[in-house]
Structure formats: C-alpha cells, structure tokens
Amino acid sequence: MTSVRVNELISVAGQPDAAGLAAFAAEGFAAVINARPDGEEPGQPGNLAEKAAATAAGLSYSFVPVKGSEITEADIRAFQAAMAEAKGPVVAHCKSGIRALTLYTLGEVLDGRREPGDVELFGQSLGFDLAGARRWLERRAAQTADVKAFFHPATWSVQYVVADAAMGRCAIIDPVLDFDETSGATGTSSADAILADIESRGLAVAWILDTHPHADHFSAAHYIKGKTGAPIAIGAQVTEVQRLWKEIYNWPALATDGSQWDRLFADGDRFEIGGLEARVMFSPGHTLASVTYLVGDAAFVHDTVFMPDSGTARTDFPGGSAAALWSSIQAILSLPDETRLFSGHDYQPNGRHPRWESTVAAQKRDNPHIAGKDEAAYVALRQARDRTLPKPKLMLHALQVNLRGGRLPEPEGNGRRYLKIPLDAL
C-alpha cells in the first residue's frame with residue numbers, strides 16, 4: 001500500500017493489509033491511525049485484526065473510526081492526540097485516505113495553522129478531494145450554540161459547556177465531582193478544569209444544569225454554584241425521585257420538594273443563556289426526572305440515546321421504564337434531522353476513542369436499538385439487555401449526594417462526612 005506524504009509528521013493511505021502494515025514499519029513509520037469503522041465492506045481486516053498486525057510489525061496503533069459526513073470535533077481532537085502520542089512519523093488510513101486527511105486538515109484549521117479557504121486547494125495538491133472538509137467548516141460556522149465537552153474517563157461521563165460566545169454567557173451541564181470509592185476521597189479537579197476553561201474564554205456562568213439525578217457519579221453543581229453564584233436547575237419530577245429514594249435510604253430528614261435547586265423545570269419551560277433560547281423537554285424512562293435541554297441547534301440528551309454504535313440508556317433503576325424511554329426517544333427524534341445530539345456517556349465500544357456528538361438523522365439510521373424497531377420490539381430488547389447489566393458501582397453512594405443538588409452529607413460531630421449504604425435494598 002502506497003502512502004502519500006503530507007509532511008514530515010504524517011502520511012495518509014488507503015486500506016492496508018498485514019503486509020502493507022509491515023511495509024509501513026520498514027519505511028520508518030512509528031504509528032498507524034485507523035480512521036475506518038469496521039464493516040464498511042466485505043474482506044475489510046477490521047480493528048482487532050489490524051491492531052494485531054500493527055503490533056506485530058512494531059507499530060503503535062490507534063483506532064479513530066469516522067464516517068465522512070459525521071466527523072465531530074471529538075474525532076479531530078482524538079486524531080491529534082494519537083499523533084501527539086506517536087514516537088515518530090504517523091501513517092493514517094481509511095478506505096481511500098480522504099477521511100484521514102480530512103481529520104488532520106480540520107485540526108490544522110481549528111488550531112489556526114491553516115485558513116478555511118485553503119482546504120480544498122491543499123487537498124488537490126496531494127491528490128485528494130477535501131470538499132467534505134469545506135462543507136464541515138461551513139456547517140460549523142452556521143451552528144448557533146457553541147458546545148465544548150469534557151470527558152470524565154473514570155465514570156465514562158461527558159460534561160458540557162454551552163455558550164453564547166458573542167454575549168459571553170454559558171451554561172454548565174452535568175458537571176462531575178470527583179470521588180474515589182476505595183478511599184472515600186472527593187475532589188474538584190474535573191470541575192475546576194471546566195471553570196478554568198470558562199475563565200480563559202471570558203465567559204460568565206448563567207446556569208448550572210442537571211439532566212437528572214445521576215447514579216454513576218457525584219454532581220458538582222453545588223460546588224460550582226459556590227464558585228460562580230449561578231443558579232442550579234433540574235427537571236421538576238426530581239421530587240418523585242426524592243420520595244422514592246427517601247424510603248429506600250430510610251432518610252426522614254431528606255426534603256422532597258426539590259428545594260435543593262434554584263429552579264425546577266417543567267416540560268416546555270424556556271430560559272435564556274445569553275442570547276440563546278433554551279427549551280426543556282421532559283424525557284423520562286432512564287429515571288422519573290430526566291430532561292433534555294434543547295439549546296439552539298443542540299440537544300443535551302444525556303441518558304436517552306448514546307452514540308449510534310452504543311444504543312440507548314438502561315431503564316432498570318427504580319422508577320425507570322423502557323416504554324417511557326421509547327416515547328422520550330421518539331420525541332427527540334422528531335426534532336430536525338440536523339439537530340446535534342450530545343450524549344452524557346460514552347463507553348468506547350471496540351476500543352475506539354470517546355465520542356459524544358451525533359445527529360437525529362444518524363440515530364434514526366444507525367442506532368441498532370432504534371432503526372427498524374417499533375415500541376414492542378424496543379421494550380423487549382431494552383428489558384432483555386437490562387437484565388444482563390450490573391448496577392453502577394457508585395449508585396448507592398451518588399444518589400445521596402445528587403438528590404440534594406450535589407451537596408455532600410453534613411459533617412458529623414467529629415467533622416467528618418459519612419455516606420449511608422442500604423443493604424439488600426435493590
């Protein structure tokens with residue numbers, strides 16, 4: 001397989017076989033980046049086989065699979081990270097080399113090293129058509145909501161900042177408070193990284209938004225409110241979740257009126273983030289209280305749909321319902337096809353890089369839990385899958401914090417805080 005040299009750091013190529021990967025190593029390459037999803041055509045080696053062949057050839061290997069029309073900034077940054085981790089020249093491939101070169105070139109534009117108007121000429125100089133990269137940049141320029149994601153590897157969670165950059169206002173969605181269950185240690189490094197980024201961009205926090213009471217990580221909403229003074233908000237049905245878990249925890253002191261938040265959103269409520277209008281969609285199923293935040297052309301859907309290769313969220317928690325989640329998903333999929341959907345978790349199937357942004361159109365077409373399914377088929381699939389899943393390891397820890405808007409338990413007489421774990425309750 002012949003590669004095309006872009007510069008001293010990177011070359012691009014079409015699909016190699018094992019012999020081609022060995023030839024790349026002989027030519028002095030140190031790493032290979034596979035930008036091609038599995039299963040595009042019969043006879044394609046695939047990620048696992050390619051990783052084994054690359055390793056055997058002495059090449060480091062990264063899997064950053066993309067479809068040309070669905071490239072996101074997360075893909076571009078993952079491609080850059082794979083290049084940065086390489087110990088020498090990189091050869092990146094897809095089927096023809098176009099997607100690999102597109103990922104590289106878009107990164108150069110985003111970082112200011114290449115002008116958007118030069119993209120197609122640059123591609124032509126190497127023998128590639130980068131019209132798709134030009135269209136990607138045009139779509140990005142037309143987006144109304146500026147979204148930045150912060151992936152939390154310990155919990156596979158994605159935190160978001162959505163901003164009206166022109167007016168200097170933003171909202172933080174589902175921030176994570178760090179917690180180590182083995183030591184009981186809490187920390188704020190993840191939340192502080194978000195705050196530092198916001199400060200570096202000259203933004204002021206208008207809202208701190210929870211999509212639901214999380215079962216797999218602690219919310220940093222209360223901590224960030226203390227740092228910024230911004231109001232915290234959640235869906236109004238959180239009171240039902242509080243009442244349910246008050247009984248499970250035998251927690252007489254827990255207020256179940258939602259007063260731990262500054263605003264409880266009902267379905268259809270509207271609010272503003274700078275000049276961006278936001279709307280609340282009630283999205284139950286994963287929990288009784290889940291909501292989607294629709295901000296401009298972006299919808300923050302958290303535990304409803306994940307990336308198309310990952311399916312949909314579980315519904316086996318107390319108060320969950322597969323039928324309710326099906327209805328919530330249908331409401332989300334009734335949004336315009338180009339609406340950007342931002343999921344709250346990514347579990348990196350097949351070892352690919354973390355991804356969190358899709359579209360309504362991609363979900364309809366490619367999500368195996370949704371495409372070609374009716375409600376009955378979905379409910380049967382979802383319930384069968386849920387029976388195989390262990391409960392989140394932090395569930396009984398996290399809900400004590402998250403049912404109170406991210407507040408840790410009050411210190412006891414010795415100055416320490418304690419969590420209460422109900423035994424044999426679930």
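**A nonpolar patch, a paired strand and a buried arginine**

Leu 419, Ile 421 and Leu 423 together make a nonpolar patch of about 280 Å² on the surface of this predicted model. Ile 421 lies in the segment that follows α13 (395-402). With a relative accessible area of 37%, Ile 421 counts as partly exposed.

Attention turns next to an annotated region of the chain. An unreviewed UniProt entry lists residues 156-345 as "domain: Metallo-beta-lactamase". In the model, this stretch is 23% helix and 32% strand, and the C-alpha atoms at its ends are 5 Å apart.

Strand β9 (residues 176-180) offers a handy view of the local pairing. Most of β9 is covered, with 4 of its 5 residues buried. Strand β9 pairs with β12 (residues 218-219) in the antiparallel sense, over 2 bridges; here Leu 177 stands opposite Phe 218. Strand β9 also pairs with β10 (residues 185-187), again in the antiparallel sense, over 3 bridges, and Phe 179 has Thr 186 of β10 as its bridge partner. A hairpin is formed by β9 and β10, with 4 residues between the two strands. In the turn, Gly 184 shows a positive phi of about 80 degrees.

Elsewhere in the chain, Arg 99 is found in helix α4 (residues 98-110). Despite its charged side chain, Arg 99 is buried, its relative accessible area being 13%. Beyond the residues up to four places away in sequence, Arg 99 touches Ala 35, Arg 36, Pro 37, Glu 40, Val 66, Lys 67, Gly 68 and Cys 94. Arg 99 is classed as buried because its 13% relative accessible area falls under the 20% cut-off.

Note on methods
Residues are numbered from 1 along each chain as its sequence is written. This is a predicted model: local features need pLDDT of at least 70, side-chain atom pairs count only at pLDDT 80 or more; totals for chains, interfaces and linings use all residues. Side-chain values use heavy atoms; hydrogens and water are left out. Buried means under 20% relative accessible area, exposed over 50%, partly exposed in between (1.4 Å probe, protein chains only). Contact means heavy atoms within 4.5 Å. Patches are made of residues with over 30% relative accessible area and no salt bridge: like charges are joined within 9 Å, nonpolar side chains (Val, Leu, Ile, Met, Phe, Trp, Tyr) within 5 Å. Accessible areas come from the Shrake-Rupley method with a 1.4 Å probe; for residues, only the protein chains shown count as cover. A salt bridge is a side-chain nitrogen of Lys or Arg within 4 Å of a carboxyl oxygen of Asp or Glu. UniProt positions are given in the numbering used here, feature names are shortened, and annotations may be inferred rather than shown by experiment. Two strands pair if DSSP finds at least two bridges between them.
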